[in-house]
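Me: I would like to go through the labels on this predicted model and ask what each one rests on.

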Amino acid sequence: SEAGSLPFEAQLRQELNDLREGCKRQLRELTLRADESIAARAVLVECCHAMEERQAEGMQRLSALEAQAAGAAAAVQLTALEAELRALRGEVPGLCDVCV
């Protein structure tokens, strides 16, 4: 039936075929872009999870360091108190000698 078609009909069919092929090509490109977007989103989600894990680990380390620092501060304070106690012990016999 195309043999008996008028020239404008053949041209119209060619334009429709070209349009259909163009739409198919654009659909393939959009599909590839969508797949790339999905892959990129998956990578971003993975990165976010990794960052959250690192942040949690960092917070645990910080808590441990704070506990160590508190322990060290307590040890320093204990040492200072022990020195004061030794000093007081040294003063008390002297005071007792004065009192006697």
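Me: In which helix is the place of L12?

Reply: L12 sits in helix α1, which covers residues 7-99.

Me: Why is L12 called partly exposed?

Reply: The relative accessible area of L12 is 46%. Partly exposed is the class between 20% and 50%, so L12 belongs there with its 46%.

Me: What kind of patch do L12, L16 and L19 form on the surface?

Reply: The patch is nonpolar, and L12, L16 and L19 together have about 290 Å² of accessible area. A patch residue needs over 30% relative accessible area, and L12 has 46%.

Me: How many salt bridges does a search of the whole structure find?

Reply: The search finds two. One of the salt bridges joins the side chains of E21 and K24.

Me: What makes the contact of E21 and K24 a salt bridge?

Reply: The N to O distance is 3.7 Å. The cut-off is within 4 Å, so the side chains of E21 and K24 qualify. Both residues lie in helix α1, three residues apart, about one turn of the helix.

Me: Why do E21 and K24 count as partly exposed?

Reply: E21 has 42% relative accessibility, and K24 has a relative accessible area of 41%. Exposed would require over 50% and buried under 20%, so E21 and K24 are both partly exposed.

Me: How do you know that E57 and R61 meet in a salt bridge?

Reply: Their side chains are 3.9 Å apart, N to O. That value is within the 4 Å limit, so the pair E57 and R61 counts. E57 and R61 are four residues apart in helix α1, about one helical turn.

Me: Which class of exposure does each of E57 and R61 fall in, and why?

Reply: R61 has a relative accessible area of 57%, and because exposed means over 50%, R61 is exposed. E57 has 39% relative accessibility, so E57 is partly exposed.

Me: Why is there no bond between the sulfur of C47 and the closest cysteine sulfur?

Reply: The closest cysteine sulfur is in C48, 7.0 Å from that of C47. A disulfide needs the two sulfur atoms within 2.5 Å, so C47 and C48 are too far from each other for a bond. The search of the whole structure finds zero disulfides.

Me: What makes C23 and C47 partly exposed?

Reply: The relative accessible area is 43% for C23 and 40% for C47. Both values lie between 20% and 50%, so C23 and C47 are partly exposed.

Technical notes. Residues numbered from 1 in each chain as written. Predicted model: local features only at pLDDT ≥ 70, side-chain atom pairs only at ≥ 80, totals over all residues. Heavy atoms only, no water. Patch = residues over 30% accessible without salt bridge, like charges linked within 9 Å, V, L, I, M, F, W, Y side chains within 5 Å. Areas by Shrake-Rupley, 256 points an atom, 1.4 Å probe, with all protein chains shown as cover. Helix = DSSP H or I, 4+ residues; strand = E, 2+ residues; numbered from the N terminus. Buried < 20%, exposed > 50% of the residue type's maximum accessible area, 1.4 Å probe, protein only.
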